[in-house]
Amino acid sequence: MPSVSYIALGSNLNNPKQQVKHALLALDSLPHSYLLAYSSLYQSAPMGPQDQPPYVNAVAKLATELAPLELLDALQSIENEQGRIREKRWGARTIDLDIVLYDHTIMQTERLTLPHYGAKERDFVLRPLAEISPLLIFPDGESVQQALQQCHSYELEKITTDNDQETVSRHEL
Ligand code: ROI
């Protein structure tokens, strides 16, 4: 049985919309994995330093046979292929791929914390997550809807919808 993982995508450099769409295609091409669903794209104000462009955010739902750390390696390869350079903490980036959830796994290692430590405070993660899985429950029993009511707002605006021609469509993947 494959595991189900939710991955948060974020970009604010070099045509962020295209970066996010490109990463969605890359996710669907990962070995032993396939994309089950993906959210609309959202624009958000930066969390952290304000002297950087707005972000484009989305969430993908992936079925995968990769173990959590194998998945992390695969995501970092996609980030590297899309020219991600790890510079200052919370600075601008071409693409950021974070594992938000991996089944109901709870883990805390140097490389990976599951669920993602900051996900519940960020509407740019929770809104797209709730869009594709409105009934989702975190491993601690809190629902995505409860978390959404309490999280910080980053002036989210939906920039594509399901019937928007610009959205990556299933047959493109
Ligand atoms: N801010 C927003 N709005 N969206 C992001 O994806 C994002 N990613 C980050 C930091 C720098 C924390 N800020 C962000 O890594």
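**Exercise 1. Work out how far along the sequence the contacts of this predicted model reach, and how the chain is built.**

Start with contacts between residues at least 6 apart in sequence: 71% of these join residues at least 24 apart. Next, count the elements, and you get four helices and eight strands. Walk along the sequence and they come in the order β-α-β-β-β-α-β-β-β-α-α-β. Now check the overall packing: the radius of gyration is 15 Å, close to the 16 Å that the globule rule gives for 173 residues, so the chain is as compact as a globular protein of that length. For the outline, the C-alpha trace spans about 40 × 35 × 35 Å along its principal axes. Finish with burial: 50% of the 173 residues are buried.

**Exercise 2. Find the largest nonpolar core and say which elements feed it.**

A bit of background helps here: in soluble globular proteins, nonpolar side chains tend to be buried together. In this model the largest nonpolar core has 28 residues. Those with the most contacts inside the core are Leu9, Leu27, Leu30, Leu71, Leu75, Leu97 and Ile99. Then trace where the core comes from: β1 (3-11), α1 (16-28), β2 (33-38), β4 (55-64), α2 (68-81) and β5 (96-102) each give two or more residues.

Zoom in on leucine 9. Skip its neighbours within four places in sequence, and its contacts include Val20, Ala23, Leu24 and Leu27, along with Val56, Val59, Asp96 and Leu97. Before you move on, note a second, separate core of 20 residues, with Leu129, Leu136, Phe138 and Ala147 among them.

**Exercise 3. Describe the largest pocket: its volume, its lining and the elements behind that lining.**

First, the volume: about 910 Å³. Second, the wall: 37 residues line this pocket, and Arg93, Asp96, Asp98, His116 and Tyr117 lie nearest its centre. Third, the elements: β1, β4, α2, β5 and α3 (123-132) each give two or more residues to the lining. The largest share, five residues, comes from β5. Last, the chemistry: sort the lining residues and you get 18 nonpolar, seven polar and twelve charged.

**Exercise 4. Is α3 mostly covered or mostly open, and what does it pack against?**

Go residue by residue. Asp123, Phe124, Val125, Leu126, Pro128, Leu129, Ala130 and Ile132 are buried. That makes eight of the ten residues in α3, so the helix is mostly covered. Then look at the partners of those buried residues: β1, β2, β3 (42-44), β4, β5 and α4 (144-150).

**Exercise 5. Track down the unusual backbone geometry in three loops.**

Begin with the peptide bond from leucine 114 to proline 115, which is cis, with omega near -10 degrees. Proline 115 sits in the loop between β7 (113-114) and α3.

Now turn to phi. Asparagine 14 isn't a glycine, yet has a positive phi of about 55 degrees. You'll find asparagine 14 in the loop between β1 and α1. Histidine 32, also a residue other than glycine, has a positive phi near 55 degrees. Histidine 32 lies in the loop between α1 and β2.

One more step: why do these two count as exposed? The cut-off for exposed is over 50% relative accessible area. Asparagine 14 has 55% relative accessibility, so it counts as exposed. Histidine 32 counts as exposed because its relative accessibility is 60%.

Terms used:
Residues numbered from 1 in each chain as written. Predicted model: local features only at pLDDT ≥ 70, side-chain atom pairs only at ≥ 80, totals over all residues. Heavy atoms only, no water. Core = buried A, V, L, I, M, F, W, Y, C linked by side-chain atoms within 4.5 Å. Buried < 20%, exposed > 50% of the residue type's maximum accessible area, 1.4 Å probe, protein only. Contact = heavy atoms within 4.5 Å. 1 Å grid on protein atoms, 1.4 Å probe; cavity = no way out; pocket = protein on both sides within 12 Å on 5 of 7 lines; lining within 4 Å. Points joined across faces, edges and corners; volume = space filled by probe spheres on them. Nonpolar A, V, L, I, M, F, W, Y, C, P; charged D, E, K, R; others polar. Rg over C-alpha atoms; globule rule 2.2 N^0.38 Å.
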